[in-house]
Amino acid sequence: MIRTVLGDIPEEDLGLTMMHEHFIVNLDKVRHDGFSRIDTCEEVEPEIRKMMGFGVKAAVEVSTIDLDRDAAKLKQISEDTGLKIVCSTGFYLQPFHPAFLRDATPDEIADIYVKELTEGIGDTGVKAGIIAEIASSKDGFTEEERKCLIAAGRAAVRTGCAVSTHTGPVTAQETVDILLSEGMDPDKVVIGHQDLVDDPEYHRNLLKRGVNIAFDTCGKSAYMPDEKRAANAKIIADEGYADHLVFSNDVSRRTYFSTYPGQWGYTAVMNSVVPLMKQAGVTDEVLHKFLTENPARILNNKNWK
């Protein structure tokens, strides 16, 4: 079963899925830029409906506890739009961390994750369905970030759920090392933001370890042209790793909405990258793996019956 904000559903009912999205999120508490915050259902639902117009049926909402994740609002969004939403538990980068994490042990942090996965989030009636997006700083893990990742591995082993990360090239292999050392099934690991690295050998070295990687900043051309994302996805598929690649848009602030000039909103995967992958020769069968089969397999949890 796959755990959504409206309850558990069979794997086959999930449909085409974006694996790394933010619908209710607050990065402004650290960035202080005035727009790195999305906090109402009313502002985000029209953008979600545009995405759904391209056939998207589900999304993993990876906003963490310390990014003001709001399970009740996610439930409302799902009821209003019909989008199936998987809610997350976890902690993000250290500048966002609550003070208690400084002295908390990995097992104490894991207990928080497990409670939200199995008992629910506060009094919302919503249970998390994944641990995400567990983050590491650009130049390496801080001690607190490493503890949160160790806790994610332990909680994932206890519950059988997946872990999705916020990871740069400096910390990618260490992230895999930590999660696998805690006993995680590599197929339940999603290493995020790997479309920001234009290096097939680098991708290959991660994929050889059995984990999944995410091309999840689609449409953000200032970081990487979508043409590069499409070309690298084709290489991954041609080398036999189509079963371990997923996609998303990672809309984390209002100025990424499609109402702003030059922005795709939540439609970049379907409106930009998918057509480019088709032009590059990626088949419909492989696209179905990327967008539907892989997310369902990763999110499916045999312990949730």
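Me: Helices (H or I, at least four residues) and strands (E, at least two) are DSSP runs, numbered from the N terminus; where does H193 lie?

Reply: This is a predicted model in which local features need pLDDT of at least 70 and side-chain atom pairs count only at pLDDT 80 or more, while totals for chains, interfaces and linings use all residues. Residues are numbered from 1 along each chain as its sequence is written, and side-chain values use heavy atoms, with hydrogens and water left out. H193 is not a glycine, and yet it has a positive phi of about 65 degrees. To place it along the chain, one looks between a strand, β10 (189–191), and a helix, and finds that H193 lies in the loop between β10 and α7.

Me: Which two residues are joined by a cis peptide bond?

Reply: The omega angle of the bond in question is about -25 degrees. One of the two partners, E133, lies in strand β8, which covers residues 130–135. The cis peptide bond joins E133 to the residue numbered 132, and the pair is therefore simply named as A132 and E133.

Me: How much space lies in the largest pocket?

Reply: On a 1 Å grid over the protein atoms alone, a pocket is an open set of points with protein on both sides within 12 Å along at least five of seven lines, whereas a cavity is a set where a 1.4 Å probe fits but cannot get out, and lining residues have an atom within 4 Å of a point. Points are joined across faces, edges and corners, and a volume is the space filled by probe spheres set on them. By this reckoning, the space in the largest pocket comes to about 580 Å³.

Me: Which residues are the closest to the centre of the largest pocket?

Reply: The lining of the largest pocket holds 25 residues. By class (Ala, Val, Leu, Ile, Met, Phe, Trp, Tyr, Cys and Pro are nonpolar, Asp, Glu, Lys and Arg charged, and the others, Gly among them, polar), the lining divides into nine nonpolar, 10 polar and six charged. H193, already met for its positive phi, is one of the residues closest to the centre, and the full group is Y92, H166, H193, L196 and Y223.

Me: What volume does the second largest pocket have?

Reply: The lining of this pocket includes A156, V157, G160 and C161, followed by G183, M184, D185 and K188, and it is completed by N300, N301, K302 and N303. By class, these lining residues are four nonpolar, five polar and three charged. The second largest pocket that they line has a volume of about 230 Å³.

Me: What is the volume of the largest cavity?

Reply: Turning from pockets to cavities, the structure holds two of 30 Å³ or more. The largest cavity is lined by C218, G219, K220, N249, D250, V251, Y256, Q263, W264, G265 and A268, and this lining divides into five nonpolar, four polar and two charged residues. The volume of the largest cavity is about 70 Å³.

Me: Which helix supplies the largest share of the lining of the second largest cavity?

Reply: The second largest cavity has a volume of about 40 Å³, and the residues that line it are P200, H203, R204, L207, N232, I235, I236, E239 and Y241. By class, five of them are nonpolar, two polar and two charged. Two helices, α7 (200–207) and α8, each supply at least two residues of this lining. The largest share amounts to four residues, and it comes from α7.

Me: Which residues of α9 does α8 meet?

Reply: On the side of α8, the residues that take part are D226, E227, A230, A233 and K234, where contact means heavy atoms within 4.5 Å. The residues of the contact of α8 with α9 divide into six nonpolar, one polar and three charged. On the facing helix, α9, the residues met are S272, V273, L276, M277 and A280.
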